[in-house]
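Please walk through this protein model with me, starting from one strand pairing and working outward to the fold, the salt bridges and the cysteines.

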Amino acid sequence: MIIKNILNSDYKAICKVANWLWEEWGTSKNKKFWYSWVSSSARNDDIPQTFICIINEQIVGTVSLWRCDLQSRQDLFPWLGGLYIDEKYRNRGIAKQLIEHVCKVASDLGYTELFLFTSLEDFYEKLDWQYLTNIPDENDNMVKLYRKELF
């Protein structure tokens, strides 16, 4: 397994990740938005960054380190976002490894905490994320807000 940054030169990876994120969280009207979101984080020097997990030369998962993932909470940063694992590769510990990678990168950049929001139940608690509160997302769906202290 290899975890690495997506760079602007990797058009195939940008398209694959953008399509995954659009299919998971997008609408019929915002596919270009997701492509722009991923391509703007195709870097390795600061935030934003997007990472991919490769197994047997196939991209099987992704996660990002973003300045903001929940518009109503721009006071909190940085954010872990866009965590997605190809369905065929779920329940193999890949998500945990991607999350740990983002935490390390954020810590190496000098950040002491990381935030995320999700509708998942009982996943991030197992990875030592602290539940803060329920909060509405951009579509007024209630989601859980989490914080992770970085060391």
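**A strand pair and its surroundings**

Strand β3 (residues 58-66) runs antiparallel to strand β4, and the two pair over five bridges. One residue pair in this arrangement is S64 with its bridge partner G81, the latter in β4. The model is a predicted one.

Strand β4 covers residues 79-85, and seven of its seven residues are buried, so the strand is largely enclosed by the rest of the structure. G82 is part of strand β4. Its relative accessible area is 10%, which means that G82 falls under the 20% limit for a buried residue. Beyond its neighbours within four places in sequence, G82 is in contact with L21, W25, T62, V63 and W66. Of these, T62, V63 and W66 fall in the residue range of β3, while L21 and W25 fall in that of helix α1 (11-25). The C-alpha atom of G82 is separated by 19 Å from that of M1, a residue 81 positions away along the chain.

Helix α2 (residues 31-39) also contributes buried residues, namely W34, W37, V38 and S39. The cover over the buried residues of α2 includes helix α1 and strand β3. Strand β3 therefore appears twice in this picture, as a pairing partner of β4 and as part of the cover over α2.

**The fold as a whole**

How many helices and strands does the protein have? There are three helices and seven strands. Read from the N terminus, the order of elements is β-α-α-β-β-β-α-β-β-β. The radius of gyration is 15 Å, close to the 15 Å that the globule rule gives for 151 residues, so the protein is as compact as a globular protein of that length.

Along the principal axes, the C-alpha trace spans about 40 × 35 × 30 Å. Buried residues make up 45% of the 151 in the protein. Among contacts with a separation of 6 or more, 56% are between residues 24 or more positions apart. The accessible surface comes to about 8,700 Å², and carbon and sulfur atoms account for 47% of that area.

**Salt bridges**

Side chains of opposite charge can pair when their charged atoms come close. The structure holds seven salt bridges.

One of them joins the side chains of D75 and R73, with an N to O distance of 2.9 Å. D75 is exposed, at 52% relative accessibility, whereas R73 is partly exposed, at 22%.

Another salt bridge links D108 to K104, where the closest N and O atoms are 2.7 Å apart. Both residues belong to helix α3 (residues 94-108), and they are four residues apart, about one turn of the helix. An α-helix has 3.6 residues a turn, so residues three or four places apart point the same way. D108 and K104 are both exposed.

The side chains of R147 and E113 also meet in a salt bridge, at 2.6 Å from N to O. Here the partners come from two strands: R147 lies in β7 (residues 142-149) and E113 in β5 (residues 113-118), so the pair ties together parts that are 34 residues apart in sequence. E113 is partly exposed, with a relative accessible area of 25%. In addition, E121, E125 and K144 form one network through salt bridges that share partners.

**Cysteines**

A disulfide is a covalent bond between the sulfur atoms of two cysteines. How many disulfides does the model contain? With a cut-off of 2.5 Å between the sulfur atoms, the count is zero.

The distances show why. For C15, the closest cysteine sulfur is that of C53, and at 19 Å it is too far for a bond. For C103, the closest cysteine sulfur is again in C53, at 16 Å, which is also too far for a bond. C15 is partly exposed, at 26% relative accessibility, while C103 is buried, at 11%.

Methods
Residues are numbered from 1 along each chain as its sequence is written. This is a predicted model: local features need pLDDT of at least 70, side-chain atom pairs count only at pLDDT 80 or more; totals for chains, interfaces and linings use all residues. Side-chain values use heavy atoms; hydrogens and water are left out. Buried means under 20% relative accessible area, exposed over 50%, partly exposed in between (1.4 Å probe, protein chains only). Two strands pair if DSSP finds at least two bridges between them. The radius of gyration is taken over C-alpha atoms; the globule rule is 2.2 Å times the number of residues to the power 0.38. Contact means heavy atoms within 4.5 Å. Accessible areas come from the Shrake-Rupley method with a 1.4 Å probe; for residues, only the protein chains shown count as cover. A salt bridge is a side-chain nitrogen of Lys or Arg within 4 Å of a carboxyl oxygen of Asp or Glu.
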